[in-house]
Each structure stands twice: as structure tokens, then as C-alpha cells.
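Biologist: Please take a close look at one part of this predicted model, the second largest pocket, and describe what lines it. I should also welcome an account of the enclosed space and of one helix packing in the surrounding protein.

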Amino acid sequence: MKGIAISYAVTAALLVAGPWLLGEGGLRFATECLLILAMAQMWNLLAGYAGLVSFGHQVFVGIGAYGLFLISDTLDLSPYWVLPIAPLACAVVASVIALPLFRLREAYFSIAMWVFSEIVAALVTKAAWLGGSAGLPLRSSRLLDLDWFEPVLFWIAGGLALGTIGGLFLLMRSGFGLGLMSVRDNDLAAMSVGVDVQRNRFIVFVLSAAGCGLAGAVSFLGNLYVSPAAAFDVNWVVYMMFIVMIGGIGTLEGPIIGTVIFFGLRELITDQLGYSAGWYLVALGTVAVIVMLWSPRGLWPPLRDRFGLKLLGVGRTAPTAPDVPPLAGKVGQLG
Amino acid sequence: MTLLEVEDLNVFYGDLQAIFGLAFSVAERESVALVGANGAGKTTFLRALVGLIDGKQGRVRFDGRDIQDTPAEHIARLGLGMVPEGRMLFDTLSVEENLLMGQVSRRSGAWTLPRVFDLFPALEERRNHLPRQLSGGQQQMVAIGRALMCNPRLLLCDEISLGLAPVMVEQIYGAFKNIRKEGTALVLVEQDVKRAAGATDRIYCLLKGRVSLTANAGDVSVTELTQAYFGM
Amino acid sequence: MAWIETLVNGALLGGLYGLLGIGLALVFGVMRLVNIAHGEFMVLAAYLAVILVGLFPQVHPLFVLIPVVIAAFGVGYLYQAVIMNRVARAPDPLAPLLLTFGVSIVLRNLMVEVFGADVRGLQLGELSRASIRLFGLSIGVMPLLTLVAAVLLFLLLQWALKRTSFGRIVRATADRRDIVRLFGVKPDLVYNYVMGLSLALGAIGGVLLAVRSSFTPFSGVERLLIAFEVVVLGGIGSFWGALLGGIVLGMAQLAGLKWDANAGLLYAHLLFFVMLLIRPAGLVASRA
């Protein structure tokens with residue numbers, strides 16, 4: 001626990017000093033990494049801890065971004081002050097759609113989320129007051145001090161990434177987190193000891209949406225421009241999912257490892273080797289598929305077990321699948 | 001001639017061992033009862049025999065062939081059939097279709113659809129019904145008939161009287177006489193020791209994954225059996 | 001009258017949509033697996049058809065369906081054997097879902113890189129434009145043929161599943177994948193054939209849809225979502241329900257397009273979402 005606190009403090013200090021340590025290009029890149037990491041953690045919270053795989057989380061990226069742009073421009077307020085609107089808007093939307101969506105299980109939830117995202121994207125594209133398919137520039141950007149813009153974004157992104165990891169760490173150690181993980185491991189058993197499964201799922205869904213919305217808003221704030229094609233791009237969720245799949249679903253460390261591999265591979269393939277983004281996604285997807293086949297829970301759990309590593313252990317680990325043939329599932333009834 | 005021979009069989013569920021160094025044999029045309037308390041490992045043993053459990057070590061020979069590493073779908077084709085515990089019928093297939101699944105293994109022999117209907121006339125009238133429309137006893141008949149359609153040389157029957165009305169149990173045990181006439185060897189897993197002893201030549205008793213008694217069905221005394229059954 | 005024509009055309013399109021859904025439903029019914037890459041495989045089949053038509057211009061475009069369907073079956077068989085069977089038994093339902101999503105991303109971007117992002121289509125010459133007049137309505141010959149083909153395929157598939165021993169084995173495997181092994185059936189092999197069949201049906205849908213409207217490597221997403229909506233609307237696992245679901249979606253889409261020319265699939269999606277709200281009981285899974 002002490003070690004974790006120290007490394008957390010060192011990381012925080014590095015983030016504060018970041019703008020002086022990194023060049024301008026490096027700073028942008030680092031900001032992007034941190035935001036994607038935060039999004040991946042949010043997707044992981046939902047999939048890894050509540051068992052809900054969303055293929056439509058890009059909708060929260062988009063809603064967060066549009067929420068920020070719209071409110072900031074309408075009220076003529078500095079976008080920094082309007083940032084809290086983004087997670088709030090996403091939380092409200094998530095609470096409303098949870099109602100119909102939670103009736104669906106597994107893949108049906110996943111794809112229905114996706115359909116919802118497509119609907120919102122289509123409506124935004126058709127809305128003239130939101131700039132239609134051309135999108136919106138951030139008019140209130142004149143209120144920003146552009147000299148400090150990149151460092152401030154970096155700090156926000158760093159705070160967000162660190163905040164999500166720290167928050168999830170504390171959340172998973174709390175009674176709520178334990179209840180959550182017991183549901184993930186065994187629905188029925190958890191319910192029989194009084195864990196309210198639907199309530200837990202709802203809370204996680206709303207939290208996850210809010211976090212993604214904030215990260216999305218910061219990301220598009222950095223561009224000073226938002227368009228529906230970019231904001232509601234299915235690739236947002238593809239990135240989150242691949243990072244979590246590769247790194248380790250249902251662990252806090254997994255998305256960190258996944259993010260490193262995600263950006264490492266991107267720099268290698270698009271920058272060093274000069275291939276297109278399409279080939280990069282082919283490579284990334286292939287890596288994800290191979291990792292899934294080799295270790296369905298991602299890279300981190302086997303690494304942790306092999307080397308006895310403990311970075312952010314939350315007391316309980318994700319269960320490895322018991323090696324019991326399906327027929328013999330009811331071990332209690334051995335003849 | 002020995003049909004099935006098991007030596008030093010150990011069966012595991014992950015880290016959990018359920019069967020310890022088991023020895024077991026069935027001769028051709030023989031009928032053997034396998035009794036034991038709940039949790040003694042009877043079902044686990046049968047499932048391991050037919051290849052539905054992977055975690056097993058030891059030697060299993062069937063009809064002169066090593067089958068300890070043979071996958072279940074090949075074991076079935078060699079003529080080792082099973083009526084699984086809980087019947088496990090195909091819920092969306094009609095009675096007749098359930099029976100015809102036994103033919104997939106393409107083993108020829110005495111048992112055909114008409115012969116099974118002769119054995120269990122109740123099924124012929126309900127050939128187009130779904131399993132859930134049948135009584136428990138009729139469902140058990142489908143499960144037995146389905147296994148017979150494979151024309152097995154050895155038929156393993158797991159808890160076939162469990163939860164059935166006594167009159168149904170009588171009918172089903174009556175059918176075993178006809179089944180044995182075709183030369184099929186039998187292993188009956190039972191909780192009802194008396195009934196099992198009455199219908200078979202030999203008895204094995206399992207206790208906590210080990211054989212606690214083997215005896216000829218006629219020779220064994222109630223005290224011996226009780227001891228072996230409960231381990232007292 | 002124009003509106004009736006739109007609805008009739010929507011129904012004709014819906015037959016095709018039903019075909020998109022049936023492949024997805026088949027795999028779900030048998031293996032409890034939603035193949036997220038289904039749409040990408042359809043688009044891949046369409047590309048193969050376009051290439052074959054280019055290579056053999058003297059052959060009527062509809063005949064390329066034969067090699068395309070055979071290839072799709074082979075691809076499906078291998079896809080299941082090499083990749084999907086490794087996770088089909090995983091007790092964790094997330095693994096197959098994530099895996100098929102991963103495969104869909106790889107396929108989509110491979111197609112972008114290999115075929116380019118340009119819009120493609122499959123031209124049938126006269127047949128594409130031909131129409132007949134029925135009860136005062138102008139109806140395209142090709143859409144009509146497509147609906148007839150879809151209904152025939154539905155009948156054929158239903159016959160194969162209900163009346164053949166292959167179908168019996170497939171249904172038994174769907175019921176109890178372990179118990180069928182007691183009768184000499186290897187479930188993995190059954191899954192291979194079913195995935196092959198699913199992608200073969202998807203290929204027919206993919207090629208016929210390419211005749212109707214143009215496509216890009218990114219069209220797989222739309223096709224998957226349509227297929228999924230068809231399956232859910234029709235009642236999961238119900239064959240004729242899928243056809244009905246397809247017809248309802250097709251009508252919603254064309255009516256929406258008439259109302260608002262650049263709506264795309266918005267109204268089909270909206271209809272699906274509304275149905276989700278008002279008829280959730282019909283959405284609960286039952287078996288094929």
C-alpha cells in the first residue's frame with residue numbers, strides 16, 4: 001500500500017513537470033496517450049468489472065465533446081470551466097438509456113449500444129444547429145491563453161488518467177467494488193448474499209459514460225473543432241477495447257500495458273515503418289486476436305502470475321476460468 | 001472375455017481429485033451394479049469412462065483397445081454407450097429424432113427404431129412429442145432407447161430410477177431383461193442397493209472415490225454392503 | 001399510391017434484410033455466439049463477386065454467386081475451425097464476443113488497404129433497371145427476384161434443419177453440445193459446418209445487396225447492425241420472424257428515405273430502438 005502511494009506520488013510529480021520535460025510534439029502525444037488510457041479504463045470498468053461489453057461508447061465521447069462546445073459557446077464561458085458539463089451530460093444520457101438497454105444481455109446489450117450510438121451520430125449529423133456534418137469550431141477558444149493551452153490540456157489529461165486509476169483503485173477496494181467483482185464472478189451467488197446486481201451495473205454504466213465523456217471533451221478541446229464523423233467514430237471504442245483486450249480485462253494494470261502497446265505499435269508501424277493507419281489497425285487487431293486466443297484475460301494476468309508481480313493489486317484478482325468440463329459443471333452433484 | 005478393464009484410474013476436476021486408483025472390470029454379457037452414496041464418484045467415473053472428462057490418468061481398455069486418451073465421440077463408435085444422469089434428452093428434438101440421434105454413430109446391430117418401439121410401446125404413440133411433453137419415466141425410456149440405437153456392447157446407465165414412480169422403475173428394469181438377451185453388457189449405477197443387486201451379476205461399491213467392496217451379487221450380505229456403502 | 005409503392009419496395013428490400021439476419025441467427029441459435037464480423041464477411045463476399053465479374057465479363061453476374069458462396073462456406077469453416085472453436089467453450093461469454101469484434105476490425109481495415117475506400121457496386125445491366133407493373137405499381141424485377149430467392153432460401157434452410165439428419169445433428173448439438181459426443185458427433189465439426197453455412201447465406205445476402213446499393217469496406221457495420229436488428233425484431237431464433245423483422249425494417253428505411261432523403265438507416269435504427277422500449281418481452285431469447 002505504501003509502495004503504491006509513493007509510486008502514485010512520483011507519477012503525479014512527473015505529470016506536473018511534464019510540460020518542461022517534454023517538447024511540444026511530445027506533450028501532444030502524451031496528452032493523447034493519457035486520454036486514451038482514461039477512456040480504456042472507463043470501458044474496462046464496465047466490461048471487466050460489470051461484465052457489460054459496450055460497442056457504443058463512442059457515443060459518450062461525442063456527447064461529451066458536443067456538450068462542451070455547445071455550452072461553452074452559448075454561455076461564452078472559458079471551456080475549462082464548462083468541462084464538468086461533459087461528464088454530467090453523459091451521465092444523464094446513460095441513466096436514461098440504461099432503462100431499455102439493461103433488459104438485454106451480453107451481445108444484445110453490446111450491439112444495442114452500438115445502434116444507439118449510430119442513432120445519435122445520425123441525428124447530430126442532421127442537426128443544423130450543431131453544424132451538421134461539417135461540425136463546430138470552438139468559438140470560445142478566444143477566451144483561452146494559447147501559450148498555456150497545451151500544458152493545461154496535458155495536466156487535465158494527466159489528472160484524468162491518474163484520477164480514474166486512483167478512483168478505480170479505491171472503488172475496487174470498497175464494499176461496492178467487492179460486490180461488483182462478486183457479481184462478475186458469480187451472478188447468482190452474489191445475488192443470494194444480497195448484492196443488488198442491476199443497481200451496481202447501473203452505477204458502473206453511468207460512471208463509465210461520464211468518464212468517457214470527460215476524456216472525449218478534453219480530446220476535442222485540444223482540436224478546437226468537433227465533427228460528427230470524428231466524435232462518433234466507432235474507432236474510439238475499437239481503441240478502448242483493443243487496449244483492454246490486449247492488456248488485461250478486469251484489471252487496473254491491464255489498460256496501462258495495453259495503452260503502451262497500442263501507442264508503441266502505432267509509432268512503430270505508422271511512423272517508423274511508414275505504413276497507413278489502416279495497416280496499423282490490421283496489426284493491432286491481429287495482436288488482439290492472438291492475445292485473446294492465447295490468454296482470454298489479456299497479457300497482464302499471466303504476466304502477474306508468472307513473475308508474482310503486484311502493481312495495483314486490489315486484494316482480489318480476476319478469476320481464471322476453472323478447468324471444469326461443462327458437463328461436470330455441477331461439482332456438488334458428483335454421483 | 002473381459003470387455004472393459006480399468007486399472008489404477010485417477011480422475012481430477014482441476015486440482016480436485018474425485019477418483020483414486022480405481023480398478024474395475026466388466027466381462028462380455030455381464031451385468032454389474034455400481035453403488036455408493038452421493039458424492040462417492042459414480043457419475044464422475046462413468047463420465048471419465050466415456051471420455052466426457054479430460055482430467056484422467058490410468059489405464060482404460062475397452063474391447064482390447066486402450067481408450068484412456070480417446071475422445072468421447074470415438075469411444076461412442078467403439079460400442080460404449082451411456083444413459084447419462086438426468087436423462088439429458090435433446091429438448092427441441094421429437095422423441096423419434098432423439099432416438100435417431102443414436103444412429104449417428106452408424107453401428108449396426110439388433111437395435112433399430114421398430115425394436116426400440118417394441119421395447120417401449122409408449123414411445124411409439126408419442127414419437128412426435130417433445131421430451132417435455134412426456135412423463136419422467138417415458139423420458140427415461142427415450143434416453144435408454146437413444147443409447148440402444150447405438151447398439152452398444154456395453155451400456156452404462158446412470159441413476160435411471162432416480163425420481164421415477166415405482167411402477168415405472170419396474171417397467172424399465174423389466175426392459176433390461178430384453179436388453180441383456182441381445183448380449184449387451186450392463187453397468188447400472190444405483191442408489192437402491194437391493195434393486196441393483198437383484199438385477200445384476202456383480203456389485204461394486206464406491207466410497208469417496210475408491211472401491212470399498214466388490215462381490216458377486218448373490219453372495220454379499222446386507223451388513224457387508226452397508227459397511228462398504230457408508231464406510232463404517 | 002407513391003407511398004404504397006414505397007412500402008411494397010420496402011417489403012421487397014426486407015426479404016433481403018431477412019437473409020442478412022438469418023446467417024447471424026443460425027450461428028447464435030447453435031453456438032450462442034454473435035458473430036460481430038458477419039457484416040465484414042458479407043462485404044468481403046461482395047468484393048469477391050465484383051472481382052470475378054471483372055475477370056469473367058462474358059459470364060452473367062448472377063452466376064458468380066456460385067463460386068462466391070462456395071468460397072464463403074470454406075472461409076466460414078476455416079474461421080470457426082482455426083479461431084472460434086478455441087474460445088467457443090470458454091465459460092466467459094466475453095471472449096468470443098471480443099474475438100469476433102477483433103476479427104471484424106482486421107477484416108474491415110484489410111479491405112480498406114487492399115480494395116481501397118472507393119464506392120463499389122455490382123451491375124446487372126438490364127436486369128438492374130427492369131421493372132414490371134403490378135396493380136398499377138411499378139416494381140423492380142431484381143428486388144422481386146431477391147425476395148423470391150430469400151423466401152426460397154428460408155424454406156430450404158428450414159427443410160434442411162427440420163428434415164435432414166444433418167439438421168437433426170445441428171439441433172441436437174445446439175441443445176446439448178456434450179451429450180451429442182456420446183453418439184459419435186464431434187461438436188467442433190458441427191460448428192465448422194454451421195459457420196460455413198452462415199457465411200454462405202451471408203454471402204448471398206452480401207452479393208444481392210451489392211446489386212441493390214453500392215458499398216465500401218465500411219459497409220460491414222451497417223450490414224451487421226441490420227442483421228442484428230432483424231434477428232432481435234423477429235424474435236431471437238425464429239426463422240419466419242427474421243423475415244418479418246427484415247420486411248418491417250426495410251419498410252421503415254424506405255419510408256424514412258422518402259420523408260428525408262439523406263436519412264440512411266436512421267429510421268430503421270429508430271424503429272428498432274422504439275420496439276426495444278415497447279416490446280421487450282418479444283426480445284427475450286428462445287431457441288431456433
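Modeller: The largest contribution to the lining of the second largest pocket comes from α6(A), which gives five residues. As the model is predicted, what follows describes computed features. The pocket holds about 830 Å³ of space, and 24 residues line it. Those nearest its centre are Glu118(A) and Phe232(A) from chain A, with Phe218(C), Val221(C) and Glu222(C) from chain C. Besides α6 (106–126), chain A supplies two or more lining residues through α11 (228–231), while in chain C the elements that do so are α4 (94–115), α9 and α11 (266–278). By class, the lining of this pocket is made up of 13 nonpolar, six polar and five charged residues.

The enclosed space can be set beside this pocket. One cavity of 30 Å³ or more is counted, and the largest cavity contains about 40 Å³ of space. Its lining includes Tyr108(A) from chain A, and from chain C it takes in Leu24(C), Ala25(C), Phe28(C), Val34(C), Phe228(C) and Val231(C). Two helices of chain C, α1 (2–31) and α9 (219–234), each provide at least two residues of that lining. The largest share, three residues, is from α1(C). The lining of the largest cavity comprises seven nonpolar residues, with no polar and no charged ones. Helix α9 of chain C thus has a part in the lining of the largest cavity and in that of the second largest pocket.

For the helix packing, I turn to chain A. Its helix α2 (residues 24–50) and its helix α12 (residues 235–247) have axes that come within 9 Å and cross at roughly 75 degrees. Because angles of 65 to 115 degrees count as roughly perpendicular, α2(A) is roughly perpendicular to α12(A). On the α2(A) side, the residues in contact are Ile36(A), Met39(A), Ala40(A), Trp43(A) and Asn44(A). They meet Trp236(A), Val237(A), Tyr239(A), Met240(A), Met241(A), Ile243(A) and Val244(A) of α12(A). The contact between these helices has 11 nonpolar residues, one polar residue and no charged residues.

Chain A as a whole provides the setting for this packing. Its secondary structure consists of 15 helices and two strands. Of the 335 residues in chain A, 56% are buried. Among contacts in chain A between residues at least 6 apart in sequence, 78% link residues at least 24 apart.

How values were computed. Residues are numbered from 1 along each chain as its sequence is written. Chains are lettered from A and ligands numbered from 1 in the order in which they are written. This is a predicted model: local features need pLDDT of at least 70, side-chain atom pairs count only at pLDDT 80 or more; totals for chains, interfaces and linings use all residues. Side-chain values use heavy atoms; hydrogens and water are left out. On a 1 Å grid over the protein atoms alone, a cavity is a set of points where a 1.4 Å probe fits but cannot get out, and a pocket is an open set with protein on both sides within 12 Å along at least five of seven lines; lining residues have an atom within 4 Å of a point. Grid points are joined across faces, edges and corners, and a volume is the space filled by probe spheres set on the points. Helices (H or I, at least four residues) and strands (E, at least two) are DSSP runs, numbered from the N terminus. Ala, Val, Leu, Ile, Met, Phe, Trp, Tyr, Cys and Pro count as nonpolar, Asp, Glu, Lys and Arg as charged, and the others, Gly among them, as polar. Axes are lines fitted to C-alpha atoms, for helices over the stretch in contact, and angles run from 0 to 180 degrees between N-to-C directions. Angles under 35 degrees count as roughly parallel, over 145 as roughly antiparallel, 65 to 115 as roughly perpendicular and the rest as oblique. Contact means heavy atoms within 4.5 Å. Buried means under 20% relative accessible area, exposed over 50%, partly exposed in between (1.4 Å probe, protein chains only).
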